Amino acid sequence: MNARITSLSNPTVKAVRALHMRKERDETGLFVAEGLKNVIEGIDTGHAPKILMHGPDAAAHPMMKKAVQATLAAGGQVIEVTHDILAKVSRRENPQAVVGVFPQAFIDLKDVKPGAAECVVALHRVRDPGNLGTIIRTADSAGCGALVLVGECCDPYSVEAVRATMGSIFAVPLARATEAEFAAWRAGWTGSVVGTLLTAEVDHRKAAYRKPALILMGNEQQGLTPDLAALCDVNVKIPMRGRADSLNLSVATGIMIYAATG
Ligand SMILES: C[S@@+](CC[C@H](N)C(=O)[O-])C[C@H]1O[C@@H](n2cnc3c(N)ncnc32)[C@H](O)[C@@H]1O
């Protein structure tokens, strides 16, 4: 018999709600993925929920049996909750009927190895969780081997970023590095290291992307810093033909990833 919670002041409900705060996610190493499709995506890629919360109506869904079995088999909890609790946990009036609490899965930078895929993406000081989630989704779509977060970045496991990944949060290995760690690790990279700069003279379509390509993208406001641009074999520019002075970071990253993997 699964547990049932109806009180908003239940400690488990409070703990899951607290995962909206980065401090809490950092301390617990957990994050929230909403929706049965995303929960199943996690399970299918080897990530079982620690907690599976569902509304009263979700239990009848054909995929719920699989989600419940995987959660219990991994020692997790399955809890039926009210619509109000799901709304508070998701901070939405119309919440998804299923919410999973999963362990974060950062990998060590040393485990991101050239040769694992055609392309790896590195983001310097990415600030916007929507951009980061969209880039993770694009990196998954194009078959990138990993994504490296360089310097102080927003959290890929925030609810906003996870929502924007549409389930790809489970598919793309994520690593973190300081600028100095990235510089040391980059020295062992065997393919092309391609930076992106609005001031670059090389058209991104003319650059050589020796596989595996490491694509380096800059911050939304400041762009790529000179220190990081200097670490690249080549810096490229995507042509800007109209009046806009730059592309959105996630759009530019998508163009670069497909140029490097085409
Ligand atoms: C919004 S842009 C940064 C704009 C910033 N004001 C600057 O001067 O670089 C964010 C990132 O997207 C990438 N980007 C955007 N437009 C680009 C373009 N036309 N060519 C190459 N990279 C671009 C770069 O990585 C850049 O650092």
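Colleague: Which domains does the domain assignment give this chain?

Modeller: Our model is a predicted one, and the assignment lists domain 1 (3–104) and domain 2 (107–261). The centres of domain 1 and domain 2, taken over C-alpha atoms, are separated by 31 Å.

Colleague: How do you know how much area domain 1 and domain 2 bury between them?

Modeller: Good one to ask! The size of an interface is often given as the accessible area lost when the parts come together. For domain 1 and domain 2 that comes to about 1,300 Å², with 56% of it on carbon and sulfur atoms. In domain 1, Arg22, Arg25 and Phe31 lose the most area to domain 2, together 33% of what that side buries.

Colleague: Now the helices. Why are H6 and H10 called roughly parallel?

Modeller: Two packed helices are described by the angle between their axes and the distance between the axes. The axes of H6 (residues 129–141) and H10 (residues 249–261) cross at roughly 15° and come within 9 Å. Angles under 35 degrees count as roughly parallel, so H6 and H10 earn that name. Their crossing is right-handed.

Colleague: What makes a residue of the contact of H6 with H10 polar or nonpolar?

Modeller: The residue type decides. Among the residues that meet are Ile135 and Thr138 in H6, and Ile257 and Gly254 in H10. Ile counts as nonpolar, while Gly is placed with the polar ones. Overall, the residues of this contact divide into 5 nonpolar, 7 polar and no charged.

Colleague: And why is H3 called oblique to H4?

Modeller: H3 (residues 36–44) and H4 (residues 64–73) pack at an angle of about 50°, with axes 10 Å apart. Roughly parallel needs under 35 degrees, and roughly perpendicular runs from 65 to 115. The angle of about 50° fits neither range, so H3 is oblique to H4. H3 passes H4 in a left-handed crossing.

Colleague: Which residues of H3 meet H4?

Modeller: They are Leu36, Val39, Ile40, Ile43 and Asp44, and on the H4 side we find Met64, Lys66, Ala67 and Ala70. The residues of this contact divide into 7 nonpolar, no polar and 2 charged.

Colleague: One more! What makes H1 roughly parallel to H5?

Modeller: Try the cut-off yourself: the axes of H1 (residues 11–18) and H5 (residues 83–90) cross at roughly 30° and come within 8 Å. With 35 degrees as the limit, H1 is therefore roughly parallel to H5. Val13, Val16 and Arg17 in H1 meet Ile85, Lys88 and Val89 in H5. Arg and Lys count as charged, and the contact divides into 4 nonpolar, no polar and 2 charged residues.

How values were computed:
Residues are numbered from 1 along each chain as its sequence is written. This is a predicted model: local features need pLDDT of at least 70, side-chain atom pairs count only at pLDDT 80 or more; totals for chains, interfaces and linings use all residues. Side-chain values use heavy atoms; hydrogens and water are left out. Axes are lines fitted to C-alpha atoms, for helices over the stretch in contact, and angles run from 0 to 180 degrees between N-to-C directions. Helices (H or I, at least four residues) and strands (E, at least two) are DSSP runs, numbered from the N terminus. Angles under 35 degrees count as roughly parallel, over 145 as roughly antiparallel, 65 to 115 as roughly perpendicular and the rest as oblique. A crossing is left-handed if the near helix is turned anticlockwise from the far one by less than a right angle, and right-handed if clockwise. Contact means heavy atoms within 4.5 Å. Domain bounds come from an automatic or database domain assignment. Buried area is the accessible area (1.4 Å probe) that two parts lose on being put together, summed over both.
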